[in-house]
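Me: Could you take a close look at a single part of this model, one loop position and what surrounds it? After that, please set it against the wider layout of the chain.

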Amino acid sequence: MALPARPTPPPVLAAIDVGTNAVRLELARPDAEGSLETLHQERDPIRPGEGVFTTGEMPQETADRLLSTLRRYAALCRRHKAQVRAVATSALREARNRQDIVRRVHEEAGLELEVVSGKEEARLICLGVLHRKPPNTRSLLVDIGGGSTEVAIATGEKPDELWSLALGSVRLTEVFDTARAVTPKQLRLMRSFVEEVLHKTLPEKLPALPRVALGSSGTIGAVVGFASAENGGNATMRQLTQTVEALAKMPPERRRKRFDPRRADIIVSGAVILEGVARHLGVESVSVVNRGLRDGLLVDLLYRQDESREDHSLADAALVMGQRFRFDEKHARQVARLSLGLFDSLAALHQLPLSVRPHLEVAALLHDIGTAVSYERHHRHTYYLIHNAELPGLADREREIIARVARYHRRSQPELSHSGMAGLTPSEARRVRKLATLLRLANALDHSHHQPIRDFKVTDGREAVTLHLHARQPLDLELWNAEREVAQFRKVFGKRLAFQVHSGGR
């Protein structure tokens with residue numbers, strides 16, 4: 001009698017965070033309930049951001065230390081056969097030589113290091129801290145890193161507003177040279193600088209906020225722990241102000257005895273930032289949480305695996321962007337609906353992973369935003385706008401693929417020889433060709449921008465694909481344009497494309 005097959009264990013997930021103060025690795029495995037069990041953690045305080053905020057570059061010596069650390073992390077990930085997401089934050093965002101470092105990481109460590117935007121960093125922190133929060137719970141989140149501070153307002157685990165401020169404990173320490181003694185004049189200048197950045201970055205009128213902010217970084221944990229020895233997890237506004245004064249007056253030697261030596265050098269700056277942010281937000285106290293960016297990376301990887309999970313946040317962000325450029329929303333929604341219908345109905349033909357479905361939706365929603373610049377060659381303007389957009393939840397490479405798909409919704413076909421396809425790997429190029437072909441067809445089927453197609457069905461035969469179109473009005477213009485896509489459809493998918501029109505009821 002054959003023994004039953006053992007169930008396949010869930011894959012190991014790996015999060016790598018290249019911060020300003022340190023580089024961190026966490027390996028975790030999801031359990032049956034969807035929680036994450038930590039398997040291994042590492043932290044290397046190599047200070048990747050040292051000097052970046054004053055010189056604009058990561059020194060060669062620092063880059064070599066970073067590469068040595070990431071090679072070791074990559075070997076651990078390979079040993080566990082882990083699915084990896086590696087991100088770098090503000091230090092690498094602002095380094096002029098970031099492309100060289102990203103290239104070296106790819107070539108020497110075999111990792112795709114993604115330099116995330118400030119808003120994506122804030123979204124990931126929010127996801128890590130608020131994972132599994134009750135859906136109606138309102139939260140205010142603050143995270144102080146070495147180069148930037150992230151602020152998020154969220155409902156449940158979904159962010160409503162995200163901000164990334166050019167305030168960080170290492171940045172402020174380097175700018176004001178406060179690693180050692182801090183004079184009263186330096187303290188006044190630091191507080192004034194923090195207040196100015198906050199007024200420039202955060203809106204004047206904020207919605208009603210929770211009275212307690214959640215603080216998710218090591219810097220906040222150290223400051224709050226010092227501020228409230230009796231209740232190390234929470235500090236009032238008054239305690240934070242007293243802490244700033246006490247730390248500024250404390251001799252550097254005493255700070256190094258009280259804190260980890262590298263934390264001691266930047267603790268005054270971190271306290272000044274936390275005091276300023278808390279006062280600006282009008283909170284009564286700050287409460288420490290022991291989760292952050294790495295947790296958000298792991299949750300993000302977990303969610304990407306769950307094909308049954310419906311997440312409309314990316315489409316919502318695309319709609320907000322489209323509205324900012326005054327797009328034709330009815331047309332955009334119709335093209336997205338048709339594109340996704342084609343994607344779902346032709347899954348056996350295109351054989352693309354379900355994970356790219358949201359990318360097609362975003363490309364379809366935003367395909368015409370370039371008309372805000374100029375109608376002529378608007379497909380190229382669309383590419384530029386998406387390429388440079390901040391769409392939370394997308395890796396840089398994913399945003400690039402979406403921009404290319406949207407760029408090919410008209411004019412030149414996405415042929416491998418075309419200049420617009422340069423720089424794509426063979427697998428990325430195949431993905432762009434398939435998604436762009438579906439988008440072109442969907443766009444043609446609403447060429448009038450009047451949404452004449454009520455719905456449709458697809459018959460995928462051995463030699464031909466037939467679209468059965470149910471129309472609420474004549475489709476002459478749509479069919480004329482759709483016929484122009486037949487040759488490209490056959491070239492990409494290897495089948496003829498035919499149309500049958502059914503007017504009125506079904």
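**One loop residue and its setting**

Reply: Once neighbours within four places in sequence are set aside, Pro210 is in contact (heavy atoms within 4.5 Å) with Arg138, Ser139, Leu140 and Val283. The model is predicted, so to speak of local features pLDDT must be at least 70, side-chain atom pairs count only at pLDDT 80 or more, and totals for chains, interfaces and linings use all residues. Residues are numbered from 1 along each chain as its sequence is written, and side-chain values use heavy atoms, without hydrogens and water.

Pro210 belongs to the loop that runs between helix 7 (184-201) and strand 9 (212-215); helices (H or I, at least four residues) and strands (E, at least two) are DSSP runs, numbered from the N terminus. Ala227 is 17 residues from Pro210 along the chain, and the C-alpha atoms of the two are separated by 21 Å.

Helix 7 also takes part in an aromatic pair. A search of the whole structure gives three such pairs, counted when ring centres of Phe, Tyr or Trp (its six-membered ring) lie within 6.5 Å, with planes under 30 degrees apart called stacked, over 60 edge-to-face and the rest tilted. One of these joins Phe176 and Phe193 edge-to-face, at 5.6 Å centre to centre and 65 degrees between the planes. Phe193 lies in helix 7 and Phe176 in helix 6 (residues 169-176), so the pair ties together parts 17 residues apart in sequence.

As for the wider layout, the protein is divided into domain 1 (13-116), domain 2 (119-297) and domain 3 (310-450), with bounds from an automatic or database domain assignment. Between domain 2 and domain 3 the C-alpha centres are 38 Å apart. Five residues of domain 2 are in contact with six of domain 3. The two bury about 390 Å² between them, 57% of it on carbon and sulfur atoms; buried area is the accessible area (1.4 Å probe) lost on putting two parts together, summed over both.

One salt bridge is found across the interface of domain 2 and domain 3, by the rule of a Lys or Arg side-chain nitrogen within 4 Å of an Asp or Glu carboxyl oxygen. A salt bridge joins the side chains of Lys158 and Asp316 at 3.6 Å, N to O. On the side of domain 2 that touches domain 3, helix 5 (118-130) and strand 8 (158-165) each supply at least two residues. Helix 5 gives the largest share of that side, three residues.

The salt bridge count comes to 38. Another joins the side chains of Asp300 and Arg85 at 2.6 Å, N to O. Asp300 is in helix 12 (residues 293-305) and Arg85 in strand 4 (residues 83-88), so this pair ties together parts 215 residues apart in sequence.
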